[in-house]
Amino acid sequence: MSTPHAHAPHVVVAGAGIAGLALAHRLAHHGRRVTVVERAPGPRPQGYMIDFFGPGYDAVRVMGLLPRIRELGHDFDEAVLVDEQGRRKASIGFRRFAQALGGSLVSIMRPDLELALRESLPGGVELLYGAALTGVEEHPDGVEARLADGRVLQADLLAGADGIHSTVRSLVFGPEEDHLLHLGFHTGAFVFEDAELHTRLRGRFLLTDSLGAQMGFYGLEGNRVAVFAVHRTEDTTLPEDPRRALREACAGLGWMVPRALERCPEPEHVYYDHVAQSRMDSWSKGRVVLLGDACQAVSLLAGQGASMGVGGAFVLAEELARAGTVREGLERYEARWRPVVAERQSAARTGTSWFLPDTALRLRLRRLVLRLAALPGVDRRVASAMSGKPSRVVEDLAATPLVEPIGGVGGSSTEGRGGS
């Protein structure tokens, strides 16, 4: 690992989420000075369970973070669909799914994945919480990032990893409505304590087999239960009270859902957002680049959002380290990574009807597919359909020897304003 020095190229990363932390880690590995700015006052505790596999899994393995991530992960035997009385309708074995992926899968809460990335940051990375970005201005040799408290950070590159509602994207590329494709769903997540429900879960993920809205349950440490919910809606605005929105959308699901809705915490402790995709003609502009959900959100319908965030951050850092100029690195990053993102986004749009069925026929067909997945040979086909087309982008980059260019990110090689 390289050690940043006073004259090393400086990168400001907006967003201390999964993609931003992964980028900071990898840039520091290559000797860059990194400052991460995050508008939130501290790490966000909200989030849901994710099945982490694919390019991001490959990246954390290369970065040496996999043992810690596995330590923070959870083991589940199966995912079970249950009706309004709690009766099993269909299931899929997690272990068989993991085996079909070569064992390269870990189930982990999003805040815990952020924790693993955050605590592994090299000492030279500066992490600023409560630092809201309010302005961006380019100049021939770099970019200025203005913060709400009046500070101005001078950098060779600004990386916007600030999520699907990216401030960097709005400031540099235009309003949010020009860059988001809403897929007709809202999603929410929260955690509460319930000893009885925790006992019922017993290492399983239980999911309501329902139309229009759906709620799933995981058991965590102690008696904590993590809840994930999704419901259909054409509303593209976010509610003022996410707890009330979830209670209204999921009220008729039956089984343990009313109990969970009663225990839903205060709105500030509930994660709630659109299900949407980022659509961008270009991911960079001058000395500003986007990554993660800011430019490549695939949506929870496709899965692998966190994995794609980590994978994209790894690719960006590697291409910048290999390029002679910033512009060359950004172009290579987009050329290499965009096809991977496009495939996952396409899969999500195709699967909207099956992720949360809107007809009784589709509901029955989904049950049938999951039952067939238990058959030898069929399990690999189902796993392949769920995980998407395999990508070797991260592995190929990791296997390519790095010859550090003169200048690197923001180095002495320039091509004029917005060119290097």
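Select Y271 to begin. In this predicted model, Y271 has a relative accessibility of 26%, so it counts as partly exposed, the class that lies between under 20% and over 50%.

Next, add Y48. Is Y48 buried or partly exposed? Its relative accessibility is 13%, and because buried means under 20%, Y48 counts as buried.

Show both side chains and look at the rings. The structure holds seven aromatic pairs. One of them is formed by Y48 and Y271, with the ring centres 5.6 Å apart and the planes at 65° to each other, an edge-to-face arrangement. What does this pair tie together? Y48 sits in the loop between β2 (33-38) and β3 (49-53), while Y271 belongs to strand β16, so the contact links parts that are 223 residues apart in sequence. Now add F228 to the selection: Y48, F228 and Y271 make up one aromatic cluster.

From Y271, extend the selection to the whole of strand β16, residues 271-278. Seven of the eight residues in β16 are buried, and the strand is mostly covered. Y271, at 26%, is partly exposed.

Then select strand β12, residues 180-193, and display it together with β16. The two strands run antiparallel and are joined by eight bridges. To find one of these on screen, pick L180; its bridge partner in β16 is S278.

Move on to helix α12, residues 326-350. How far apart are its end C-alpha atoms? They are 35 Å apart; at 1.5 Å a residue the 25 residues should span 36 Å, so the two values agree. Centre the view on W337, where α12 bends by about 35°. A proline, P339, follows within four residues of W337.

Keep α12 selected and colour its residues by burial. W337 itself is buried. Before W337, the buried residues of α12 include V326, R327, G329, L330, Y333 and E334. Beyond W337, V340, V341, R344, Q345 and A348 are also buried.

Finally, zoom out to the whole chain. It contains 16 helices and 18 strands. Of its 420 residues, 57% count as buried. The accessible surface comes to about 17500 Å², and 50% of that belongs to carbon and sulfur atoms. Among contacts between residues at least 6 apart in sequence, 74% join residues at least 24 apart. The pair at the start of the tour, Y48 and Y271, joins parts 223 residues apart in sequence.

Definitions and conventions: Residues numbered from 1 in each chain as written. Predicted model: local features only at pLDDT ≥ 70, side-chain atom pairs only at ≥ 80, totals over all residues. Heavy atoms only, no water. Buried < 20%, exposed > 50% of the residue type's maximum accessible area, 1.4 Å probe, protein only. Contact = heavy atoms within 4.5 Å. Areas by Shrake-Rupley, 256 points an atom, 1.4 Å probe, with all protein chains shown as cover. Expected span 1.5 Å × (residues − 1). Bend = angle between axes of the 7 residues up to and from the residue. Pairing = 2+ DSSP bridges. Phe/Tyr/Trp six-rings, centres within 6.5 Å; stacked < 30°, edge-to-face > 60°.
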